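Here's a short set of exercises to work through with the structure open on your screen. Try each task before you read the solution.

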Amino acid sequence: MIIRKCKAAAVQWDVKVGNTEANLAALRELLGIAKANDTDLAVLPEMWSCGFDNAHLADHARNTPEILAEILELAKNHGMVIAGSMPESEGKEIYNTMYVADRNGNLAGSYRKIHLFSVTGEEKYFAPGRSPVICRTSLGDLGLMICYDLRFPELCRTLVLKGATAVIVSAQWPKVRIHRWDILAQARAIENQIYLIACNRCGKENSTIFGGHSLIVDPMGEVLAMAGEETCLRYGEIDPDRIAEARKIMPSLKERMPEAYEI
């Protein structure tokens, strides 16, 4: 189902590692602001509930169902779709999982991060997801990605070929590579002629500074909103007519030649 006309928000803040209560408090306050601004879709940072508190991931994962229950209630009370990633436990494995709460308070779907960031050793603590996910919500179908996934155009293209006209991204992307974040977000939107709503964290953790720059990009590549490096919300209007217009002006998706791409 094509994304319908709605107002999206990237909800950016300094995620506190290991401090779920502080993160929940920040989220409650920011969602209150989002509600006051008639937000329909709120995208949160990656691992927003606890950060990459790798030594205690199993404990955090055990708390995820309780936290998710509150998110579902907030989604219902605020009348908005809320999406962000938290640790998920299944058997002996832990996944970096994006959960999508629909406006009626139901869980619309979830996605396990496929591409684990080996530079920081994510594969030592998390198991990889195996399947791309399009989540059917009351706003339309959303393609789901997490952080490092943004560097893999095959994943975003797969989501689009399966019907997504909007893709959401939760991330913890450092400032030292923030220029690439900006470019990759715009590239994924332009090449797929979709809306892309990407939420990054900000702040500092040990020696790593996170870059913020949460952004909303339209199907023509126009940046509708971009955050700085501070806690904030950034809003953008999602309009399905803009998708149709982009694809009429530049019919690149129709003119793909898949038979020529096989290796």
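**Exercise 1. Find the residue of β8 that stands opposite L142, then work out how β7 is placed among its partner strands.**

Solution. Keep in mind that you're looking at a predicted model.
- Start at L142: its opposite number in β8 is A166.
- Now widen the view to the two strands. β7 (residues 140-146) and β8 (residues 166-171) run parallel, joined by 5 bridges.
- Turn to β6 (residues 134-137), which pairs with β7 in the antiparallel sense over 4 bridges. Here T137 stands opposite G140 in β7.
- The link between β6 and β7 is a hairpin through 2 residues.
- Last, check burial, with under 20% relative accessible area as the cut-off. In β7, 7 of the 7 residues are buried, so the strand is largely enclosed by the rest of the structure.

**Exercise 2. Trace the open sheet of 6 strands and say which strands stand at its edges.**

Solution.
- Walk across the sheet and you get the order β5-β4-β3-β2-β1-β14, with mixed pairing.
- β5 (107-112) and β14 (232-238) stand at the edges; each has a single partner strand, so one side of each is left without a neighbour in the sheet.
- Ignoring direction, neighbouring strands here are turned by 30° against each other on average.
- For one pair in detail, take β2 (residues 41-43) and β3: they pair in the parallel sense over 3 bridges, and L41 stands opposite V81 in β3.

**Exercise 3. Which strands does α1 lie across, and which does α2 touch?**

Solution.
- Take α1 (residues 20-36) to begin with: this helix lies across β1 (6-12), β2, β3 and β14, and runs at about 35° to β14.
- α2 packs on the sheet too, touching β3, β4 and β5. The direction of α2 makes about 155° with that of β3.

**Exercise 4. Describe the lining of the largest cavity, then do the same for the largest pocket.**

Solution.
- Count cavities: the structure holds 1 of 30 Å³ or more. About 40 Å³ of space lies in the largest cavity.
- List its lining: L44, W48, L68, I71, I82, A83, G84, M86, Y99 and A101.
- Map those residues onto elements. α2 (57-78), β3 (81-90) and β4 (93-101) each give two or more residues, and β3 has the largest share, with 4 residues.
- Sort the cavity lining by class: you'll find 9 nonpolar, 1 polar and no charged residues.
- Move on to the largest pocket, which holds about 480 Å³ of space. Its lining has 22 residues, and F52, F117, T120, Q172 and F210 lie nearest the centre.
- Sort the pocket lining as well: 9 nonpolar, 7 polar and 6 charged residues.

**Exercise 5. Is L224 buried, partly exposed or exposed, and which residues does L224 touch?**

Solution.
- Locate L224 in strand β13 (residues 223-226).
- Buried means under 20% and exposed means over 50%. L224 has 31% relative accessibility, so this residue counts as partly exposed.
- Leave out residues up to four places away in sequence, and the contacts of L224 are Y195, I216, D218, Y235 and E237.
- As a final step, look across to D141: L224 and D141 are 83 residues apart in sequence and 20 Å apart in space, C-alpha to C-alpha.

Definitions and conventions: Residues are numbered from 1 along each chain as its sequence is written. This is a predicted model: local features need pLDDT of at least 70, side-chain atom pairs count only at pLDDT 80 or more; totals for chains, interfaces and linings use all residues. Side-chain values use heavy atoms; hydrogens and water are left out. On a 1 Å grid over the protein atoms alone, a cavity is a set of points where a 1.4 Å probe fits but cannot get out, and a pocket is an open set with protein on both sides within 12 Å along at least five of seven lines; lining residues have an atom within 4 Å of a point. Grid points are joined across faces, edges and corners, and a volume is the space filled by probe spheres set on the points. Ala, Val, Leu, Ile, Met, Phe, Trp, Tyr, Cys and Pro count as nonpolar, Asp, Glu, Lys and Arg as charged, and the others, Gly among them, as polar. Two strands pair if DSSP finds at least two bridges between them. Axes are lines fitted to C-alpha atoms, for helices over the stretch in contact, and angles run from 0 to 180 degrees between N-to-C directions. Contact means heavy atoms within 4.5 Å. Buried means under 20% relative accessible area, exposed over 50%, partly exposed in between (1.4 Å probe, protein chains only).
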